[in-house]
Amino acid sequence: MIAFMVLFFISPLLLLAGISLRGEDGSWGLGNFAAFLSDPFARGVLTGTLALGAKVTCFVSLAALPLVMLYWHAGKRLRGLILICTLLPMLTANVVRTFAWVVLLGRNGPISQTLLGLGLTERPFSLLFSETGLIIALVQIELPLLLLPVFAVLNRADRKTLEAAEVLGAGRWRAWFSAIFPQIIPAVLAGWVLVFASATTSYVTQSVIGGARLIYLPQFVYREVGVLFQWPMAAAISILLLASTGVIMLGLTMLARHERLQGHA
């Protein structure tokens, strides 16, 4: 396994890092990183990409809460049904799901037509090529990445702690958040890591739903490689995206580890 990781994961990353240090004149250094970070537009793309990941993670958490509560109170058969419904979207390619959202978010899609029929809007509208539409699509696509680890922990959660909290006088909601929620915090943080990393690097969904008006780092990398043929700059941007996402993922992972140790204590 170590040899596999070195050959197919670490070696390509080291090669990418080496390419990123090569300048246009053949020299070596951090010129590509300095050029990218000194450009206000490029810095805006970087912060916009990280902000998109944070927004998607937040809304995924809100969407997951009622499903998590339903799963907790459900019986064995209903839990199995909820799990199947969670897994089914993942059996479809991301490209297929993204183009399905093109139909849903369009002017003649069900979202526009429903709001028009309810009288909430005067004319058909489109959510395509907008940040709102992109976030809606990414929330649905990334939702299973948060639900699955939480469901796995809930299957092993100790219900006696909930009963003890209720005996001590806590209400239903307070008992759940004080007794059960601490047990699933590590799973929630792990889900946040997966959702954030996937949302910030989802090139297909960002390109199709966001369009040309919304530019994020994956499209930036594609432009450098496929249009300008600036491989060193594309490598530098990729390293910056990996490093930025990695720092956030590392922070969440350390927080999850701390919470796990606190739980064992």
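I take contact to mean heavy atoms within 4.5 Å. With that settled, I opened this predicted model and started at V150.

**Entry 1: V150 and the core around it**

Setting aside residues up to four places away in sequence, I find V150 touching V68, I184, A187 and V188. V150 also turns up in the largest nonpolar core, a set of 42 residues. I looked up which members have the most contacts inside this core, and they are V56, V150, L154 and W176. Next I asked myself which helices each supply at least two residues of this core. They are α3 (40-73), α5 (94-105), α7 (131-154), α8 (159-167) and α9 (172-200). The biggest giver is α7, with twelve residues. There is also a second core, separate from this one, made of 15 residues. Among its members I noted L217, F220, I239 and L241. A reminder to myself: in soluble globular proteins, nonpolar side chains tend to be buried together.

**Entry 2: aromatic pairs**

How many aromatic pairs are there? The count comes to five. I wrote down two of them in detail, with a general note first: a pair of aromatic rings is described by the distance of the centres and the angle of the planes.

F41 and F220 make a tilted pair, with 6.1 Å from centre to centre and 40° between the planes. F41 sits in helix α3 and F220 in helix α11 (residues 217-227), so their pairing ties together parts 179 residues apart in sequence. Are the two rings buried or exposed? F41 is partly exposed, at a relative accessible area of 45%, whereas F220 is buried, at 5%.

Then I turned to Y71 and F151, which form a stacked pair: the centres are 4.0 Å apart and the planes differ by 15°. This pair also links distant parts of the chain, as Y71 belongs to helix α3 and F151 to helix α7, 80 residues apart. Both Y71 and F151 are buried.

Back to F41 for a moment: ring pairs join F36, F41 and F220 into a cluster. I like that F220 appears here as well as in the second core.

**Entry 3: salt bridges**

I count two salt bridges in the structure. One joins the side chains of K55 and E131, at 3.1 Å from N to O. K55 is in helix α3 and E131 in helix α7, so I logged this pair as a link between distant parts of the chain, 76 residues apart. K55 is partly exposed, with a relative accessible area of 33%, and E131 is partly exposed at 30%.

The other joins the side chains of R223 and E224, at 2.9 Å from N to O. What is the burial state of each partner? R223 is partly exposed, with a relative accessible area of 35%. E224 counts as buried, at 6% relative accessibility, because the cut-off for buried is under 20%.

**Entry 4: cysteines**

I searched the whole structure for disulfides and the result is zero. I still checked two cysteines for accessibility. C58 counts as partly exposed, at 44% relative accessibility. C85 is partly exposed too, with a relative accessible area of 46%.

**Entry 5: the loop between α6 and α7**

Two residues of this loop went into my notes. S130 is placed in the loop between α6 (110-117) and α7. Which backbone nitrogen lies 3.2 Å from a polar atom of the S130 side chain? It is that of G133. Not counting residues up to four places away in sequence, S130 touches I209 and L214.

P124 is found in the loop between α6 and α7 as well. At 25% relative accessibility, P124 counts as partly exposed. Leaving aside its neighbours within four places in sequence, I see P124 in contact with R107, S112, Q113 and L116. As a last lookup I took the separation between P124 and S20, which are 104 residues apart along the chain. Their C-alpha atoms are separated by 46 Å.

Conventions:
Residues are numbered from 1 along each chain as its sequence is written. This is a predicted model: local features need pLDDT of at least 70, side-chain atom pairs count only at pLDDT 80 or more; totals for chains, interfaces and linings use all residues. Side-chain values use heavy atoms; hydrogens and water are left out. A nonpolar core is a set of buried Ala, Val, Leu, Ile, Met, Phe, Trp, Tyr and Cys residues joined through side-chain atoms within 4.5 Å. Buried means under 20% relative accessible area, exposed over 50%, partly exposed in between (1.4 Å probe, protein chains only). Helices (H or I, at least four residues) and strands (E, at least two) are DSSP runs, numbered from the N terminus. A disulfide is a pair of cysteine sulfur atoms within 2.5 Å. A polar contact is a pair of N or O atoms within 3.5 Å; within protein, one must be able to donate a hydrogen and the other to accept it, and residues adjacent in sequence count only if both atoms are side-chain atoms. A salt bridge is a side-chain nitrogen of Lys or Arg within 4 Å of a carboxyl oxygen of Asp or Glu. Rings of Phe, Tyr and Trp (its six-membered ring) pair if their centres lie within 6.5 Å; planes under 30 degrees apart count as stacked, over 60 as edge-to-face and the rest as tilted.
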